Amino acid sequence: YNMLVAIDGAHGILAQTLDMGQLEKAGVDFYVGNCHKWFSAPRGAAVLYCPHEHLRETILRVPPVISHGLDDGFISRFLWGGCRDYVSQLSLPVALDYWRTVGIDGVRNKMRATTAEAVDILANLWHPPSVKGADLA
């Protein structure tokens, strides 16, 4: 069809299994995802994945904020965007360590249990007769 395929993976990173190689085989040209949602990193950290060098050097050649990394390759082009706060990006190794230590299934189970607990708390506060968090787990 001669078109580019982009996935907005805002809720995808570690909420479900994500195989970039499989996405590439399926014809995905770009994958963008936030790390502050399911990945549990601070806001401002995100992922831009583009497996095709020709797209990185054409469409993604100029980032929205031009800084000193423009001519230093794809990663530098987007990483250092002027006078921004890099705390969220620098915290990603800690978030990765947590996921590795607890394990993906362990973190996902904890998220489901916490969500179920929150639903039960709200259900008790609001008093609807039929909603319970355990139904969501």
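The legends below go through an overview of the chain and then several close-up views of the predicted model.

This is a predicted model, in which local features need pLDDT of at least 70 and side-chain atom pairs count only at pLDDT 80 or more, while totals for chains, interfaces and linings use all residues. Residues are numbered from 1 along each chain as its sequence is written, and side-chain values use heavy atoms, with hydrogens and water left out.

**Overview. The chain holds 6 helices and 3 strands.** Helices (H or I, at least four residues) and strands (E, at least two) are DSSP runs, numbered from the N terminus, and along the sequence they follow the pattern β-α-β-β-α-α-α-α-α. Of the 137 residues in the chain, 29% are buried, where buried means under 20% relative accessible area, exposed over 50%, and partly exposed in between (1.4 Å probe, protein chains only). The accessible surface of the chain comes to about 9400 Å², and 60% of that area belongs to carbon and sulfur atoms; such areas come from the Shrake-Rupley method with a 1.4 Å probe, and for residues only the protein chains shown count as cover. Among the contacts in the chain with a separation of 6 or more, 41% join residues 24 or more positions apart, a contact being heavy atoms within 4.5 Å.

**View 1. Helix α6 and the residues that it buries.** Helix α6 runs over residues 104-126, and its 23 residues should span 33 Å at 1.5 Å a residue, which agrees with the 33 Å between its end C-alpha atoms; the expected span is 1.5 Å times one less than the number of residues. V107, R108, M111, A116, V119 and A123 are buried in this helix, and the buried residues of α6 pack against α5, which covers residues 92-102. Just after α6 comes H127, which takes a positive phi of about 65°.

**View 2. A nonpolar patch on the surface.** I121, L122, L125 and W126 make a nonpolar surface patch of about 450 Å². Patches are made of residues with over 30% relative accessible area and no salt bridge, with like charges joined within 9 Å and nonpolar side chains (Val, Leu, Ile, Met, Phe, Trp, Tyr) within 5 Å. L122 is found in helix α6, and its relative accessible area of 35% makes L122 partly exposed.

**View 3. A salt bridge in helix α5.** The side chains of R100 and D97 meet in a salt bridge, with 3.7 Å from N to O. A salt bridge is a side-chain nitrogen of Lys or Arg within 4 Å of a carboxyl oxygen of Asp or Glu, and by this rule the count comes to 1 salt bridge. R100 and D97 are 3 residues apart in helix α5, so about one helical turn separates them. An α-helix has 3.6 residues a turn, so residues three or four places apart point the same way. R100 counts as exposed at 62% relative accessibility, whereas D97, with a relative accessible area of 44%, is partly exposed.

**View 4. The surroundings of S88 in helix α4.** S88 lies in helix α4, residues 87-90, and is buried, with a relative accessible area of 6%. A polar atom of the side chain of S88 lies 3.4 Å from the backbone nitrogen of A45, and the side chain of S88 also makes a polar contact with the side chain of Q89 at 3.0 Å. A polar contact is a pair of N or O atoms within 3.5 Å; within protein, one must be able to donate a hydrogen and the other to accept it, and residues adjacent in sequence count only if both atoms are side-chain atoms. Leaving aside neighbours within four places in sequence, S88 is in contact with P42, R43, G44 and A45. The backbone oxygen of S88 lies 2.8 Å from a polar atom of the side chain of S91. S91 is placed in the loop between α4 and α5 and is buried, with a relative accessible area of 17%.

**View 5. L23 in helix α1.** Helix α1, residues 20-25, contains L23, which is buried with a relative accessible area of 17%. Apart from its neighbours within four places in sequence, L23 is in contact with I7, L18, V28 and Y31. L23 and P51 are 28 residues apart in sequence, and their C-alpha atoms are 9.7 Å apart in space.

**View 6. I59 in the loop between α2 and α3.** The loop that holds I59 runs between α2 (53-56) and α3 (74-79). I59 is partly exposed, with a relative accessible area of 47%, and touches L4 and F30, not counting residues up to four places away in sequence.
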